[in-house]
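Let's take a walk through this structure together. Have the sequence and the 3D view ready, and we'll go from the overall layout of one chain down to a few individual residues.

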Amino acid sequence: MSKSKSTTSTFVVGIDLGTTNSALASVDVAGEEAHGVTPRDLVSRSGGDRSGGEKAPPIEHVPIPQVVAPGEVDRRPTLPSFLLLPTALEVPPEAMMLPWSGGAQPGYVVGEMARERGSELPDRLVSSAKSWLSFGGVDRAAAILPWRGAESEDETDEDSGGARVSPVEASARYLAHLRATWDQAHPDAPLGEQEVLLTVPASFDAVARELTVTAARQAGLEKLTLLEEPQAAFYSFLARTGDAWRKQLRPGDVVAVIDVGGGTCDFSLIAVSEQEGNLALERVAVGDHILLGGDNMDLTLAHAVTQKLAADGQKLKSSQYRGLVHACRRAKETLLGDKPPRSATITVLGGGSKIIGGTVKSKIDREEVEKLLVDGFAPVVAADAVPRVQRALGLRELGLPYATDPGVTRHLAAFLARHGRRPTAILFNGGVMKGSLLRRRIAEVVSSWYGGEEVRLLEGTDLDLAVAHGAAYYGMVRRGRGIRIRGGTARAYYIGVESAKPAIPGFAPPVKALCVAPFGMEEGTRVEVPGQELGLLVGEPTEFRFFASSNRKTDRPGQVVDPDEEELQELAPVLADLPAGDRPEAAGQLVPVTLASHVTEIGTLELWSSASDGRGRWKLEYSLREGGGE
Amino acid sequence: MSRFILAFRCFFKLLFTGRLPVAAGAYLPGKKDEAKALPEPKKEPADKAEKADKAEKKVAEVKPVIRPTGDLAAHHRDGALALLALLQREGRLVDFLRESLDSYEDADIGVAVRDIHRGCKKVIEEHFVLEAVMPGEEDTRVKVPAGFDPGEVRLIGKISGEPPFTGTLRHHGWRVTEVKLPTLTEGVDRRVLAPAEVEIASA
């Protein structure tokens, strides 16, 4: 038996690069390779898609050492995805050192200390870097974070502190920290050489995926594959239930994966079908990136309690606000959990050294929490509900496009209506969903949309760590253990082509959208775009408009649609730079080219143009400059 | 290493290599942290290291007193300070113990104590694994076997004869089976358990 060429790593590592928390899980696969068992053998022995046939190596959760307080490094289950960029007056550089850095002072810190200290230095704190990665309204490769950071006196002098980084750089720093802690624990098996499965929101488009890969490469992760988070959560369910999932799901079932994290909501639909006697899984739809999550709930409660305190004549000092949010989170978890008490006490110790004297106390009833959180975030709505869009003012502060409607059920209704599939089961994910009251409410509402027929709840996953766990399991699936969810690209992609029309003064030539990659294009596949040749301007960078649609599932490559269709979303433009040097005769002219697209094994989308005369082939690059706009 | 030997090493190492031994670093004046950890001998060794190159005679005058080196003592001290800082940060323990309870009603104290208890408990649970030395219901009869460790089981009352003994378990004892303390990096003054907080009003 020969060893498989592609699998020289000894670990398969799942990384959940979360909006608010990142986690790591790993499987030691050294044992099975030492025994000369190749993935192919596992497939043939286990009948191709069975996960229970062999004893799989266990998936282990990896705790992450990080700076938790000045000069103090401790292990935590997750790495809070926060980056603090303080000046030396705000946090002394030696307080942020890591024991393995050999005395180097990076001048920034990620993780728990960044989150805690950052709450006191909001202008220096980078948070939700991941959401910025998918936000086309800004230049995502430019140093724009912290977004609201105070303008430092001298922007060019990085040493004066108050530095800024790009969303890509911030993500790279979280990943680099994970890599450093891993390498520290596994000096013989550095993470750069291991097979890494990195999760991204299902809603990430081709550009955001490309940027995630850039960040990972910057952090030194070489053997990389992307995986959608709701799929990872589903893989975790498969791993935890073993073969029993075959009894829980039947052909025809559609599972709605509802992933509500600290700051984002992500939906996917996974359909179960039967193929040649075996169950098959396919991810059939993904939702949009919705910036709404558990943190909104904690703030809602904190706001309500602040008002109560004010009514009682008690006053909170600003230094106590953070304690209040923590206390509200605890109250939320108690009152939304199983067997909740009638009420929970909210205590915030005094901010100064006199803690008993300064203690502020309030109480919140179960009914209040149900009204505020369950009715507020999971309102009972009809199947045709749509999220409310509030645009009260003509001017709006530029920043992340936070959801204006907190009703998760309304977003869900719109998602299901758009895709026209009826879910028969729900898999919840994300820490917020620990509240059984919330889970039940959402299930009831969904069931009411389909004549009250019961919607099953799939249980058994760890809501906080399932994504990293499932990602590591997917690594095993790729090695031939267990069933794979088919899916491919979650969108169809289009390129904007200028029509050849006689010029009309005052009007830009009309643009049509040419489908270059269909919905559901599988990893490792390539399509040529048939149809007429296109003229590509040589000798200077040319910009194409770039569109995507998660609804148009039947468009084939070469199909032309109207870009003004509501179903088409404009992404960052695509750049082509065809050097004129090779063809001096053509400078300033249009060269005939054909287009092709390629979904890489990593999970990114590449666009290529080839000269029709066979003289060259060029990759089109995503431009990260501000998106084309309306 | 005793300071006596260290002083000798300082002399010869400086003479022949032009450098002080690493262990002498703890006694150098710039290292104020370590110096303060050893209130009694702090002046002497610091001076010693400085003057080691000056006079051979002085080295001979050092009294041979054996003490932990500055490194070890500072290490112990920093460990204790870090634990105290943890209890303060998570459970506000120092604030609580330093506050006078005289002017507060028991109910007010109770409200605060629940929070302090939760925070300190978290520190203990996250950093120490505890178990009972003698598992079993307290105030029930237990047997103390022959060959027991008197450091683990404290016998109370009138004891005669040889073990095994039978008696009543008064306290099951506590034993730490695992310590998971954070790693402390260099260069941070651990004596600051909690920094002063000053809020700068935005203009």
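**From chain layout to backbone details**

Chain B has seven helices and five strands. Follow the sequence and you get the order α-α-α-α-α-α-α-β-β-β-β-β. Keep in mind as we go that this is a predicted model.

How much of chain B is buried? Of its 203 residues, 31% fall in that class. The accessible surface of the chain adds up to about 14,200 Å², with 56% of it belonging to carbon and sulfur atoms. As for contacts, take those in chain B that join residues at least 6 apart in sequence: 66% of them link residues at least 24 apart.

Now for the strand part of chain B, where two loops are worth a stop. Start with the loop between strand E1 (128-131) and strand E2 (141-144). B:Asp139 is found in this loop, and its phi is near 65 degrees, a positive value in a residue other than glycine. Is B:Asp139 buried or exposed? B:Asp139 counts as exposed because its relative accessible area is 55%, and the cut-off for exposed is over 50%.

Carry on past E2 and you reach the loop that leads to strand E3 (165-168), which holds B:Pro164. Look at the bond just before this proline: the peptide bond from B:Pro163 to B:Pro164 is cis, with omega near 5 degrees.

Over to chain A, which has a cis bond of its own. Here the peptide bond runs from A:Leu145 to A:Pro146, and omega is near 0 degrees. Where does A:Pro146 sit? You'll find A:Pro146 in the loop between helix H4 (129-133) and helix H5 (167-185).

Step back to the other side of H4 and there is a positive phi to look at. A:Ser128, in the loop between strand E9 (125-127) and H4, has phi near 55 degrees, again a positive value in a residue other than glycine. A:Ser128 is buried, because its relative accessible area is 16% and buried means under 20%.

Finally, move into H4 itself, where A:Ser131 lies. A:Ser131 is buried too, with a relative accessible area of 2%. Which residues does A:Ser131 touch, leaving aside those up to four places away in sequence? The list is A:Thr19, A:Thr264, A:His289, A:Leu291 and A:Leu400. Try showing these side chains together in the viewer.

Terms used: Residues are numbered from 1 along each chain as its sequence is written. Chains are lettered from A and ligands numbered from 1 in the order in which they are written. This is a predicted model: local features need pLDDT of at least 70, side-chain atom pairs count only at pLDDT 80 or more; totals for chains, interfaces and linings use all residues. Side-chain values use heavy atoms; hydrogens and water are left out. Helices (H or I, at least four residues) and strands (E, at least two) are DSSP runs, numbered from the N terminus. Buried means under 20% relative accessible area, exposed over 50%, partly exposed in between (1.4 Å probe, protein chains only). Contact means heavy atoms within 4.5 Å. Accessible areas come from the Shrake-Rupley method with a 1.4 Å probe; for residues, only the protein chains shown count as cover.
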